[in-house]
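Notebook open, coffee poured. I want to work through this one chain by chain and jot down what I look up.

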Amino acid sequence: MTEKNIIRLQGIEKRFGQFVAVSNLDLDLREGEFFSLLGPSGCGKTTALRMIAGFQEPTAGKVIIDGQDMEGIPANKRPTNMVFQSYAIFPHLNVGNNVAYGLRNRGISKSEIDTRVSEALEMVELGGLQSRGATELSGGQRQRVALARALVMRPKVLLLDEPLSALDKKLREQMQFEMRHLQQELGITFVMVTHDQYEAMTMSDRIGVMFEGRLVQVDAPPTLYAKPCNREIASFIGEMNFLPAELTAEKGDTLTISTPCFCAMTIEKNPNVEQTGRAIEIGIRPEQLEISAQEPDGYDGTVQGTVRDVAFYGENVHYHVQVDGVARPISASVPNYFHTVDYRPGDAVWLGVQSASVIDLGQNQSNT
Amino acid sequence: MTRPSGLALYAFLYLVFLYLPVLFLPLFSFNSGTIVAFPIKGWTLEWYRQLGGQETLIQALVNSLLVGLVAALLATSMGLFAARAYVRYRFRGKEASEGLVMLPLVIPGIIVASSMLVLFISIGIKPSLTAVMLGHTFLALPFSVSIMKSAFDDFDASLEEAAFDLGSGVVETFRRVTLPIVAPGIVASLLVTFTVSFDEFVLAFFLSGNQPTLPVYIWSQIRFPAKLPNTLALGSLLLLASVALLVVAEYFRRRSAKSTI
């Protein structure tokens, strides 16, 4: 990854009649990064991708690719290629002709086309399948053909619209790694649209989260997980326990807070959120909580509660613990070390948390 | 689940009622007697053999083939573009125009025929094969539009976008992706619209002038009792050809539905 920007979106807006699909989108993408646009369906992420590809013109703002303003340049003349959600494999062409399709638009010699097609197919591990019919391919193979067909064009940016959503879980996880490796080997900028947070987090260098047409936060996955810029993102990515808290003192980068359950703590200030007033909200990820029968030692905050529900997930167990003074049960997740479920509904337990695990979510915006 | 008894019998009678009259035509075309009545006197292929020597009949057949071909090509190419627009885009007046395109299916033929005759004469097109071709294109258009619409319904729009994304222009995308994928639908539409034109009588009767198409020729021959067995033979062949064309058309229509993955 270099520091050079390959794509710059400047004040992009897209309206369909009265409906604003994307509003005031500013985004710089670095050359060679794997970037994901993440958000629930209808948040405008696909529209944003289609504006980069040239299938849609922004109502306002600029799309700049590699220093060149793309206004008035149609999709077939842009240095981008796309992997479609449905893969859009041409059903009347075999694998080889599908992959060669774009090269034939460029007046490249037949022998070079053949070489590049077979290289591209090797790359996606479909070597030698040139003559396989498009209708004879499995879902995973179609995905690979779609990748090869786009990558063979050597685009400056590869755009991927929900590329894994049509695959079953096992295959999807395998393809996540393969696509990541491919991207790193080729050094091509990938821009992927997805609604799947795990997909975005496992594959991306950076993630941009969109809600209702707005780009809300752009960060690397660990930062996004640890320092979400608001409640919406905190609850969209991963699981989060939300707790009200009162700000008692602020000093440099730290906040001293008191909560109805975990007593007083000094936590790190989250630079991504707004802080006004004393009523703030904090978040604690379920896996950051310790659960034990006795009051645990060495934790900055502890509280006693009663197990209400137990959810067994296999790799971990979630306990929902009812704590006095908190409306909703607090969820604690424990890795399944010894194939035992230690607590049952009704058991009295203690929860412990380190102040480093407590996330400052800024001004309390919830009603609970 | 048990079926109500008698339902099968009802269905059988239903089909008999529908198709028995049609089957009389071929049956009597093999009758060696010239009177169309039971009992059948004997079996012969004579009436079919005689068809080959009749020059006016051959001319009418050629006229019909020509009209059918032109009408099928015109209606199918117009239907192809109209259907793509209906399936792909949303635009003002779309529903009204879709309804209007289908209207020829329900307007009485005699009304269409007489208005077209008046219109064509007033703009200087004399009753001729050209007039019939134009009239048949109008009649065949709803068939073409609906067949092509079903071809485009199963056609993933991102296929065209993918072609565009890979560097093809609009024309190139149409030629290399759209056309090949809807090709079975085009064949089905050509066959069906050809059959619609080939069998059509009322419009052709009004508009053909002194260049009769086959149905018009058959009608003119029915007046002569001696020629009736020939007419029956000719009608049977027409029936066979129509059924064959429609079966092939259906085969292609289904292939077009299956062509997208």
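**Entry 1: the annotated stretch of chain A.** What are the helix and strand percentages over residues 7–237 of chain A? I get 34% helix and 27% strand, with the end C-alpha atoms 25 Å apart. I picked that range from UniProt, where an unreviewed entry lists residues 7–237 of chain A as "domain: ABC transporter". Note to self: this is a predicted model.

**Entry 2: chain A as a whole.** I counted secondary structure next and found eight helices and 20 strands in chain A. Along the principal axes, the C-alpha atoms of chain A fill a box of roughly 75 × 50 × 40 Å. Of the 368 residues in chain A, 41% are buried. I also looked at contacts in chain A with a separation of 6 or more: residues 24 or more positions apart account for 68% of them.

**Entry 3: domains of chain A.** The domain assignment splits chain A into domain 1 (5–231) and domain 2 (240–363). I took their centres over C-alpha atoms and got a separation of 38 Å. How many residues does each domain give to the contact? Domain 1 of chain A gives six and domain 2 of chain A gives seven. On the domain 1 side of that contact I sorted the residues by class, which came out as two nonpolar, two polar and two charged.

**Entry 4: a glycine in domain 2.** I zoomed in on G305(A), which lies in strand 16 (residues 301–312) of chain A. Is G305(A) buried or exposed? It's buried, because 22 other C-beta atoms lie within 10 Å and the cut-off for buried is 20 or more. Skipping neighbours within four places in sequence, I listed the contacts of G305(A) as V321(A), Q322(A), V323(A), I330(A), V349(A) and L351(A). For a longer look, I checked G305(A) against D253(A): they are 52 residues apart in sequence and 31 Å apart in space, C-alpha to C-alpha.

**Entry 5: over to chain B.** UniProt's unreviewed entry annotates "transmembrane region" on residues 7–40, 60–87, 99–123, 129–148, 181–207 and 232–252 of chain B. I tested two of those ranges against the model. Residues 232–252 of chain B are 100% helix and 0% strand, and the end C-alpha atoms sit 30 Å apart. For residues 99–123 of chain B I got 72% helix and 0% strand, with the ends 27 Å apart by C-alpha.

**Entry 6: helix 1 of chain B.** I did the length check on helix 1 (residues 7–29) of chain B: at 1.5 Å a residue its 23 residues should span 33 Å, and the end C-alpha atoms are 34 Å apart, so the two agree. Where is the kink in helix 1 of chain B? I found one of about 40° at Y19(B), shortly before the proline P21(B). Burial was quick to read off: two of the 23 residues of helix 1 of chain B are buried, so this helix lies largely in the open.

**Entry 7: where the chains touch.** The contact takes 17 residues from chain B and 20 residues from chain A. On the chain B side, the elements giving two or more residues are helix 7 (157–165) and helix 8 (170–199). Helix 7 of chain B supplies the largest share there, six residues. I split the chain B side by class too, and it divides into eight nonpolar, six polar and three charged residues.

Notes
Residues are numbered from 1 along each chain as its sequence is written. Chains are lettered from A and ligands numbered from 1 in the order in which they are written. This is a predicted model: local features need pLDDT of at least 70, side-chain atom pairs count only at pLDDT 80 or more; totals for chains, interfaces and linings use all residues. UniProt positions are given in the numbering used here, feature names are shortened, and annotations may be inferred rather than shown by experiment. Helices (H or I, at least four residues) and strands (E, at least two) are DSSP runs, numbered from the N terminus. Two residues are in contact if their C-beta atoms, placed from the backbone, lie within 7 Å. Ala, Val, Leu, Ile, Met, Phe, Trp, Tyr, Cys and Pro count as nonpolar, Asp, Glu, Lys and Arg as charged, and the others, Gly among them, as polar. The expected span of a helix is 1.5 Å times one less than its number of residues. The bend at a residue is the angle between axes fitted to the seven residues ending there and the seven starting there. A residue is buried if 20 or more other C-beta atoms lie within 10 Å of its own, exposed if 12 or fewer, and partly exposed in between; C-beta atoms are placed from the backbone. Domain bounds come from an automatic or database domain assignment.
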